[in-house]
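These are my notebook entries on a single structure. I set down what I looked up, entry by entry.

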Amino acid sequence: MRIVSGIQPTGNLHLGNYLGAIRNWVAMQDDMVNTGGEAFYFLADLHAISQPHVPAQLSANTREMTAALVACGVDPDKATLFNQTQVPAHAELQWLLNGTARMGWLSRMTQFKDKAGKNRDSVSVALYTYPVLQAADVLLYQATHVPVGEDQKQHLELARDIAQKFNNDFAPRDENGEAAPVFTLPEPIIPPEAARIMSLRDGASKMSKSDPSDLSRINLTDDADTIMSKIKKAKSDADALPSEPAGLDGRAEARNLVGIYAAMSGQSVAQILADFGGKGFGAFKPALGELLVDKLAPINARFVALRQDRDALDAILRKGAAKARAAAAPTLAAAYDALGLVR
Ligand code: TYM
């Protein structure tokens with residue numbers, strides 16, 4: 001197995017990233033050590049320039065996000081941890097795949113439609129071709145599995161379509177006419193219980209770094225008081241919690257808060273409701289706040305210590321990038337050759 005995944009170093013790591021993806025990164029990195037597979041995790045800093053950004057903030061965020069990932073348990077000795085920029089093969093393969101990706105495929109990407117809104121003519125070309133870079137990110141390493149939240153599923157399907165078309169059109173054939181595929185088709189791994197953590201202010205939109213209200217998300221850098229106060233201010237409703245999961249239908253905010261409790265405690269939604277059914281949010285919210293504080297405090301403490309050490313963070317990224325460059329080289333070379341480009 002080859003596990004590959006990335007995160008944009010824009011803003012803070014939040015609970016949605018953690019429960020939707022990073023927790024799985026840590027679990028899978030350990031599985032890879034035990035089964036002889038490999039895990040590659042990266043800061044998608046090249047993706048981050050697809051939207052307006054402040055250069056000094058991007059470099060600071062890249063180091064902060066590295067510290068946050070290590071604080072969550074990503075271990076640079078078990079997984080290859082790096083930033084895209086230090087592995088130019090990502091940008092090179094994107095260009096090669098631009099010849100295969102179709103305009104219609106990219107036009108159907110819901111994330112592009114959401115982010116561009118009505119202003120399609122004024123967003124960057126990079127925002128449009130962003131999913132092709134994402135395809136390059138995973139295909140470059142022959143990824144078999146990609147741990148992500150639900151919102152990245154469509155991008156992964158596109159990566160498979162691009163890989164399949166490239167293999168069909170360009171895979172070299174042996175003397176018996178058998179094609180040797182250039183790329184592996186990657187499978188997404190989406191956690192069933194925390195695939196989509198929603199905003200604390202609006203149960204209909206996902207928890208996101210780009211939400212202007214900081215009250216909408218729990219950041220992994222929030223201290224105990226901030227976490228408690230955000231949970232107490234979280235949107236809920238006036239009814240008591242139901243005793244069965246079906247009773248959460250039509251109650252988006254209640255479903256989200258109970259789902260966060262379940263994901264964080266490792267219990268099922270049914271178990272949580274067996275305990276809290278009949279109780280109101282006046283009882284549930286303090287319990288959820290305490291659970292979050294308890295689980296996030298050690299991560300927060302490690303993060304605060306690590307973020308100071310810029311040299312150590314740069315060394316982690318340099319070492320990871322050297323390993324990633326070596327791992328990427330054979331596939332990039334095969335893609336150039338398949339296309340008939342003289343090297
Ligand atoms: P990004 O930086 O937005 O998010 C990083 C990871 O966190 C997951 N996630 C969530 N999961 C559950 N609930 C939420 N509210 C939530 N918000 C974010 C995302 O699904 C993701 O797994 N384009 C990607 C980065 C990327 C990438 C890749 C991922 C670039 N290349 C290659 C996988 C493979 C992104 O912007 O994720």
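**Entry 1: Gln142**

I began with Gln142, which is placed in the loop between H7 and strand E4 (145-147). The model is predicted, and I read every value below as computed from it. I looked up the backbone of Gln142 and found phi near 55°, a positive value in a residue other than glycine. Is Gln142 buried or exposed, or something in between? Its relative accessible area is 24%, so I entered Gln142 as partly exposed; the band for that term runs between 20% and 50%.

**Entry 2: the ligand and its shell**

I next turned to the ligand. How many residues surround it? I noted 28, and the closest are Tyr130, Gln134, Asp137, Asp151 and Ile197. By class, I recorded 12 nonpolar, 11 polar and five charged residues in this shell.

I then looked up polar atoms that lie beside oxygen atoms of the ligand. For Gln8, a polar backbone atom is 2.9 Å from a ligand oxygen. For Asn17, the atom concerned belongs to the side chain, and the distance to an oxygen of the ligand is 3.1 Å. For Gly149, a backbone N or O atom lies 2.9 Å from a ligand oxygen. On its own the ligand has 710 Å² of accessible area, and the protein covers 96% of that. I also asked which elements give two or more residues to the shell. They are strand E1 (2-7), helix H1 (15-35) and helix H7 (125-139).

**Entry 3: aromatic rings**

I looked up the ring pairs, and the count comes to 11 aromatic pairs. One of them joins Tyr261 and Phe276, with 5.6 Å centre to centre and 65° between the planes, an edge-to-face arrangement. Where along the chain do these two rings lie? Tyr261 is in helix H10 (residues 252-265) and Phe276 is in helix H11 (residues 269-276), so I noted a link between distant parts of the chain, 15 residues apart. I counted Tyr261 as buried because its relative accessibility is 13%. Phe276 has a relative accessible area of 12% and is therefore buried.

Phe276 also pairs with Phe284, again edge-to-face, at 5.0 Å centre to centre and 85° between the planes. Phe276 and Phe284 are both buried. The ring of Phe276 has a further neighbour in Lys279, whose charged end sits over it, 5.5 Å from the ring centre. Elsewhere, I recorded a cluster in which ring pairs link Phe40, Phe42, Phe82 and Tyr141.

**Entry 4: Asn83**

I looked up Asn83, which lies in strand E3 (residues 80-83). Its relative accessible area of 7% is why I entered Asn83 as buried. What does the side chain of Asn83 contact? I found a polar contact with the side chain of Gln86, at 3.0 Å.

**Entry 5: Ser124**

Ser124 is in the loop between helix H6 (110-116) and H7. At 28% relative accessibility, I counted Ser124 as partly exposed. I looked up the polar contacts of its side chain and noted two backbone partners. The backbone oxygen of Ser50 lies 2.8 Å from a polar atom of the Ser124 side chain. The backbone nitrogen of Leu127 lies 3.0 Å from a polar atom of that side chain. I also took the separation of Ser124 and Leu43, which is 20 Å from C-alpha to C-alpha, with these positions 81 residues apart in sequence terms.

**Entry 6: Leu97 and Asp237**

Leu97 lies in helix H4 (residues 89-98). Its relative accessible area is 0%, so I entered Leu97 as buried. Leu97 and Ala163 are 66 residues apart in sequence, and I noted 8.7 Å between their C-alpha atoms.

I closed with Asp237, in the loop between helix H9 (224-233) and H10. Asp237 counts as partly exposed, because its relative accessibility is 27%. How far is Asp237 from Gly280 in space? Their C-alpha atoms are separated by 9.0 Å, and the two residues are 43 residues apart along the chain.

How values were computed: Residues are numbered from 1 along each chain as its sequence is written. This is a predicted model: local features need pLDDT of at least 70, side-chain atom pairs count only at pLDDT 80 or more; totals for chains, interfaces and linings use all residues. Side-chain values use heavy atoms; hydrogens and water are left out. A residue is near a molecule or strand if one of its heavy atoms lies within 4 Å of it. A polar contact is a pair of N or O atoms within 3.5 Å; within protein, one must be able to donate a hydrogen and the other to accept it, and residues adjacent in sequence count only if both atoms are side-chain atoms. Accessible areas come from the Shrake-Rupley method with a 1.4 Å probe; for residues, only the protein chains shown count as cover. Helices (H or I, at least four residues) and strands (E, at least two) are DSSP runs, numbered from the N terminus. Ala, Val, Leu, Ile, Met, Phe, Trp, Tyr, Cys and Pro count as nonpolar, Asp, Glu, Lys and Arg as charged, and the others, Gly among them, as polar. Rings of Phe, Tyr and Trp (its six-membered ring) pair if their centres lie within 6.5 Å; planes under 30 degrees apart count as stacked, over 60 as edge-to-face and the rest as tilted. Buried means under 20% relative accessible area, exposed over 50%, partly exposed in between (1.4 Å probe, protein chains only). A charge sits over a ring if NZ of Lys or CZ of Arg is within 6 Å of the ring centre and within 35 degrees of the ring normal.
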